[in-house]
Amino acid sequence: MKTCCFTGSRPESFPWGEDEDDPRCLELKRQIFVAVSELAGNGYCKFISGMARGADIFCAEAVIELMGETEGITLECAVPCPEQARSWSKFWKARRESVMSKADKVVTLCPHYTDFCMAKRNEYMVENSDFVLAVWGGQTYGGTYGTIQKARKADKPLKIIRYL
């Protein structure tokens, strides 16, 4: 089974912030759906999301939409720790719970928050994937950048959807 994982920026990195009605956000979501559909058409049927606010959840929602249209597509949620959503707004917590309730599998990688649990989640996703889809603004810092570097070091095929 060919597997793709997602990495991507959080809303505070987007030029439109949390405004998902912004045409740039709508276009990004369209590009994500097209990329996920193309991957499914090329035999990728398992998708892994790290479940962070923003791009990770956008990607997971694209998979859920595709699951309704295409048989055999599965979603795994790779949760870094149980406290991942502790400080999130009610909106993002509810959205996360909705995605996780529709996933085929939820894996929690650390029993509690540590300084390294997010990196451990990112390593898990890259190690367990054949392809990495990144939603990235070009920043040379942070988790998305680090995951892209891990994918390149592991010689994994990589597609980057740029939003800047």
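## Contacts and overall fold

Two residues are in contact when heavy atoms of theirs lie within 4.5 Å. In this predicted model, 81% of the contacts between residues at least 6 apart in sequence join residues at least 24 apart. The chain holds five helices and six strands, and these follow one another along the sequence in the pattern β-α-β-α-β-α-β-α-β-α-β.

The overall dimensions can be set against a simple rule. For 164 residues, a compact globule would have a radius of gyration near 15 Å, and the 14 Å of the chain agrees with that expectation. Taken along the principal axes, the box filled by the C-alpha atoms is roughly 35 × 35 × 35 Å.

## Surface, burial and charge

Of the 164 residues in the chain, 49% are buried. The accessible surface comes to about 8000 Å², and carbon and sulfur atoms account for 51% of that surface.

The charged side chains are balanced in number, with 22 positive and 22 negative. The centres of the two sets lie 4 Å apart.

## Strands β1 and β2: Thr3 and Tyr44

Thr3 belongs to strand β1. Its relative accessible area is 5%, and Thr3 is therefore buried, the limit being under 20%. Beyond its neighbours within four places in sequence, Thr3 is in contact with Tyr44, Lys46 and Ile48, and also with Asn128, Ser129, Asp130 and Phe131.

Tyr44, one of the contacts of Thr3, lies in strand β2. With a relative accessibility of 10%, Tyr44 also counts as buried. Outside the four places on either side in sequence, Tyr44 is in contact with Lys2, Thr3 and Cys4, as well as with Leu39, Ile73, Asp130 and Phe131. Asp130 and Phe131 thus appear in the contact lists of both Thr3 and Tyr44. Met125 is 81 residues from Tyr44 along the chain, and the C-alpha atoms of the two are separated by 15 Å.

## The loop after β1: Ser9

Ser9 is located in the loop that runs between β1 (2-8) and α1 (23-41). Its relative accessibility of 6% is under the 20% limit, so Ser9 counts as buried. The side chains of Ser9 and Tyr163 are joined by a polar contact of 2.8 Å.

Which residues are in contact with Ser9, leaving aside its neighbours within four places in sequence? Phe14 is one of them. The others are Arg53, Gly54 and Ala55, then Val135, Trp136, Gly137, Gln139 and Thr144, and lastly Tyr163.

## Positive phi outside glycine: Met51 and Asp155

Met51 is not a glycine, yet its phi is positive, at about 65 degrees. The residue is found in the loop between β2 (44-49) and α2 (55-67). At a relative accessibility of 0%, Met51 counts as buried.

Asp155 likewise has a positive phi, near 60 degrees, and is a residue other than glycine. The loop in which Asp155 is found connects α5 and β6 (158-162). Is Asp155 buried or exposed? Its relative accessibility is 68%, and because the limit for exposure is over 50%, Asp155 counts as exposed. Met51, by contrast, is buried.

## Partly exposed positions: Asp104 and Gln149

Asp104 occupies the loop between α3 (90-102) and β4 (105-108). Its relative accessibility of 49% makes Asp104 partly exposed, since exposure requires over 50%. Leaving aside its neighbours within four places in sequence, Asp104 is in contact with Met67, Ile73, Thr74 and Leu75. Ile73 is also a contact of Tyr44 in strand β2. Between the C-alpha atoms of Asp104 and Cys77, which are 27 residues apart along the chain, the separation is 8.2 Å.

Gln149 lies in helix α5, which spans residues 142-153. With 31% relative accessibility, Gln149 counts as partly exposed. Gln149 and Ala62 are 87 residues apart in sequence, and their C-alpha atoms are 24 Å apart in space.

How values were computed. Residues are numbered from 1 along each chain as its sequence is written. This is a predicted model: local features need pLDDT of at least 70, side-chain atom pairs count only at pLDDT 80 or more; totals for chains, interfaces and linings use all residues. Side-chain values use heavy atoms; hydrogens and water are left out. Helices (H or I, at least four residues) and strands (E, at least two) are DSSP runs, numbered from the N terminus. The radius of gyration is taken over C-alpha atoms; the globule rule is 2.2 Å times the number of residues to the power 0.38. Buried means under 20% relative accessible area, exposed over 50%, partly exposed in between (1.4 Å probe, protein chains only). Accessible areas come from the Shrake-Rupley method with a 1.4 Å probe; for residues, only the protein chains shown count as cover. Lys and Arg count as positive and Asp and Glu as negative; His and the chain ends are not counted. The place of a charge is taken as NZ of Lys, CZ of Arg, CG of Asp or CD of Glu. A polar contact is a pair of N or O atoms within 3.5 Å; within protein, one must be able to donate a hydrogen and the other to accept it, and residues adjacent in sequence count only if both atoms are side-chain atoms.
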